[in-house]
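Dear colleague,

I am passing on the structure we spoke about, with the sequence beside it. Please open both before reading on, since my notes follow directly below.

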Amino acid sequence: MKQTVTIEKKEGDRLVAGCDKSLCEGCKASFFCTSKKASFDVLNPDNIPLEKGDQAIIDMPPRKTLFTVFMSLGFPLIMFIPGYAIGSAISDSQGIQLLTSLLGVGTGFIISAVFFRKNKKKYTPVIIKKKEGLD
């Protein structure tokens, strides 16, 4: 998925970009997206000359985007099941089962966060070109 972003900050090799909500209107996932009007890091492997305020096109491969959504939301929800199973094995109390289920979800979020910290570069959007003119 290609998207137009505006470079908001340039600190050495680090670029921070933001996108405008109006650009998300055609996206099917815009309802769930939390990056509207948010800033995020982007990679510039080709060292395209960009300054603050420039617009650029970033690429987010669909496979990586879907995997990111799965790891961020789906995996923690799946972890509910082993949490519930552990709670059922140790107690008949619904309170204990609920607690272990929620601990499973929390563990899923922690695993997801650690995974993305270790693999940040692999899942960071990449700038493919500078946007010229008023397309």
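Which residues form one aromatic cluster? They are Phe67, Phe115, Phe116 and Tyr123, and I will come back to them once the overall layout is clear. Please keep in mind throughout that this is a predicted model.

The overall layout

The secondary structure of the chain amounts to three helices and five strands, and their order along the sequence is β-β-β-β-α-α-α-β. Of the 135 residues in the chain, 30% are buried. If one takes the contacts between residues at least 6 apart in sequence, 66% of them join residues that are at least 24 apart.

The aromatic residues

There are five aromatic pairs in the structure. In one of them, the ring centres of Phe67 and Phe115 are 5.7 Å apart and the ring planes stand at 70 degrees, and because an angle over 60 counts as edge-to-face, that is how this pair is classed. Since Phe67 belongs to helix H1 (residues 62-78) and Phe115 to helix H3 (residues 94-118), the pair ties together parts that are 48 residues apart in sequence. Both partners are partly exposed, Phe67 with a relative accessible area of 30% and Phe115 with one of 24%.

Phe67 also forms an aromatic pair with Tyr123, and this one is stacked, with 5.7 Å from centre to centre and 25 degrees between the planes. Here too distant parts of the chain are linked, as Phe67 sits in helix H1 while Tyr123 is in the loop between H3 and strand E5 (126-130), 56 residues away.

How H1 meets H3

The two helices H1 and H3 pack at an angle of about 155 degrees, and their axes are 7 Å apart. Angles over 145 degrees count as roughly antiparallel, and H1 and H3 are therefore roughly antiparallel to each other. On the side of H1 the contact is made by Phe67, Thr68, Met71, Ser72, Phe75 and Pro76, whereas H3 contributes Gly104, Val105, Gly108, Phe109, Ile111, Ser112, Phe115 and Phe116. Sorted by type, the residues of this contact are nine nonpolar, five polar and no charged.

H1 itself deserves a second look, as it bends by about 40 degrees at Met71. Met71 is also one of the buried residues of H1, together with Gly74, Phe75 and Pro76, and the buried residues of H1 pack against both helix H2 (80-90) and H3. Met71, Phe75 and Pro76 thus appear in the list of buried residues as well as in the contact with H3.

A residue elsewhere in H3

Ile96 is another residue of helix H3, and it is partly exposed, with a relative accessible area of 32%. Once its neighbours within four places in sequence are set aside, Ile96 is in contact with Gly87, Ile90 and Ser91. As for Ile86, which is ten residues from Ile96 along the chain, the C-alpha atoms of the two are separated by 9.5 Å.

If you go through the model yourself, I would suggest beginning with Phe67, which pairs with Phe115 and with Tyr123 and also takes part in the contact of H1 with H3.

With best wishes

Notes: Residues numbered from 1 in each chain as written. Predicted model: local features only at pLDDT ≥ 70, side-chain atom pairs only at ≥ 80, totals over all residues. Heavy atoms only, no water. Phe/Tyr/Trp six-rings, centres within 6.5 Å; stacked < 30°, edge-to-face > 60°. Helix = DSSP H or I, 4+ residues; strand = E, 2+ residues; numbered from the N terminus. Buried < 20%, exposed > 50% of the residue type's maximum accessible area, 1.4 Å probe, protein only. Axes fitted to C-alpha atoms, helices over the stretch in contact; angles between N-to-C directions. Parallel < 35°, antiparallel > 145°, perpendicular 65-115°, else oblique. Contact = heavy atoms within 4.5 Å. Nonpolar A, V, L, I, M, F, W, Y, C, P; charged D, E, K, R; others polar. Bend = angle between axes of the 7 residues up to and from the residue.
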